[in-house]
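This report describes the fold of a single chain, its sheets and its nonpolar cores. The sequence and the model are shown first.

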Amino acid sequence: MRYNDALLVGAALVCRTADVTAQRDSARGNVPLTRLRDAPSAFTSYSGLSDSALMVVRDSGAWRDVWQRVNRPFIPAPPAPLVDFQQEMIVVAALGRRPTAGHDIMIEGAEQDSTGIEIVVRRSEPAPGCPVAAAVTQPVDLARMRADRRAVRFRERQVV
């Protein structure tokens with residue numbers, strides 16, 4: 001294969017890849033999602049969820065369990081928000097145990113496409129040398145969205 005032929009094949013592959021990406025993205029649509037805390041940070045920085053987790057809660061029994069685990073440090077625990085699981089589901093993003101303050105997790109949004117729903121989650125950590133409180137944290141974020149039986153996947157963004 002000559003050099004010019006290789007360039008043409010490479011250009012064709014790049015153009016084809018762009019076409020496929022554009023087609024997939026044009027089929028995407030935003031899915032309404034409401035976070036349980038109206039602030040640009042996690043629902044709580046102190047929880048009973050010491051492991052990192054991304055999950056969807058689709059029934060009241062699982063919701064009671066998750067709510068109790070999220071609120072384990074608080075006595076008495078606040079009452080769980082009422083959720084009609086015929087109409088809604090809960091998205092949970094837990095960062096897990098962190099050795100200091102300054103770590104955060106936030107559910108940023110949701111999109112749907114032909115393969116299901118994608119939840120976008122932002123994970124934040126303090127930059128090296130930034131002053132942070134010496135406190136063990138377990139950040140968790142929670143959001144409600146319309147009940148949907150399609151597959152849910154998570155896309156994480158890391159921010160420093």
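In what follows, a residue is buried if its relative accessible area is under 20%, exposed if this is over 50%, and partly exposed in between (1.4 Å probe, protein chains only). Helices (H or I, at least four residues) and strands (E, at least two) are DSSP runs, numbered from the N terminus.

The model is predicted: local features need pLDDT of at least 70, and side-chain atom pairs count only at pLDDT 80 or more, whereas totals for chains, interfaces and linings use all residues. Residues are numbered from 1 along each chain as its sequence is written, and side-chain values use heavy atoms, with hydrogens and water left out.

**Overall description**

The predictor's confidence in each residue is expressed as pLDDT, on a scale from 0 to 100. Its mean over the chain is 85, and 83% of the residues reach 70 or more. Over residues 1–26, by contrast, pLDDT stays under 50, and the model has two contacts beyond four places in sequence for this stretch. A contact here means heavy atoms within 4.5 Å.

The chain has two helices and eight strands, which follow one another from the N terminus as α-β-β-β-α-β-β-β-β-β. Of its 160 residues, 31% are buried. Among the contacts with a separation of 6 or more, 80% join residues 24 or more positions apart. The accessible surface, from the Shrake-Rupley method with a 1.4 Å probe, comes to about 9,500 Å², and carbon and sulfur atoms contribute 55% of this area.

**The antiparallel sheet**

Two strands are taken to pair if DSSP finds at least two bridges between them. One open sheet consists of four strands in the order S2-S7-S4-S3, with antiparallel pairing. Strand S2 (33–35) and strand S3 (53–57) each have a single partner strand, so one side of each lacks a neighbour in the sheet. From one strand to the next, the twist averages 20 degrees. Helix H2 (residues 60–70) packs on this sheet, where it touches S3, S4 and S7, and its direction makes about 140 degrees with that of S3. Such angles run from 0 to 180 degrees between N-to-C directions, and the axes are lines fitted to C-alpha atoms, for helices over the stretch in contact.

Strand S4 is mostly covered, with six of its seven residues buried. Its bridge partners in S7 include Arg146 for Glu88 and Met145 for Met89. On the S3 side, Val56 stands opposite Val91 of S4.

In the loop between H2 and S4 lies Pro76. The peptide bond from Ile75 to Pro76 is cis, with omega near -5 degrees. Most peptide bonds are trans.

**The mixed sheet**

A further open sheet has four strands in the order S1-S5-S6-S8, and its pairing is mixed. Strand S1 (29–30) and S8 are the edge strands, each pairing on one side only. At the S6–S8 pair, Ser124 stands opposite Val159 in S8.

The table lists strand pairs from the two sheets.

| Strand pair | Bridges | Direction |
|---|---|---|
| S4 and S7 | seven bridges | antiparallel |
| S3 and S4 | five bridges | antiparallel |
| S6 and S8 | eight bridges | parallel |

Arg153 is found in strand S8 (residues 152–159). Is Arg153 buried, exposed or partly exposed? With a relative accessible area of 27%, Arg153 is partly exposed. Beyond four places in sequence, Arg153 touches Arg28, Asp113, Thr115, Gly116, Ile117, Glu118 and Ile119. The C-alpha atoms of Arg153 and Ile119 are separated by 6.3 Å, although the two residues are 34 residues apart along the chain.

**Nonpolar cores**

A nonpolar core is a set of buried Ala, Val, Leu, Ile, Met, Phe, Trp, Tyr and Cys residues joined through side-chain atoms within 4.5 Å. The largest has 14 residues, and those with the most contacts inside it are Ile105, Ile107, Ala110, Ile117, Ile119 and Met145. Two or more residues each come from S4, strand S5 (104–113), strand S6 (116–124) and S7. Outside its neighbours within four places in sequence, Ile119 is in contact with residues including Leu33, Val91, Ile107, Met145 and Phe154. Another core lies apart from the largest one and has 13 residues, among them Leu49, Val66, Val70 and Phe85.
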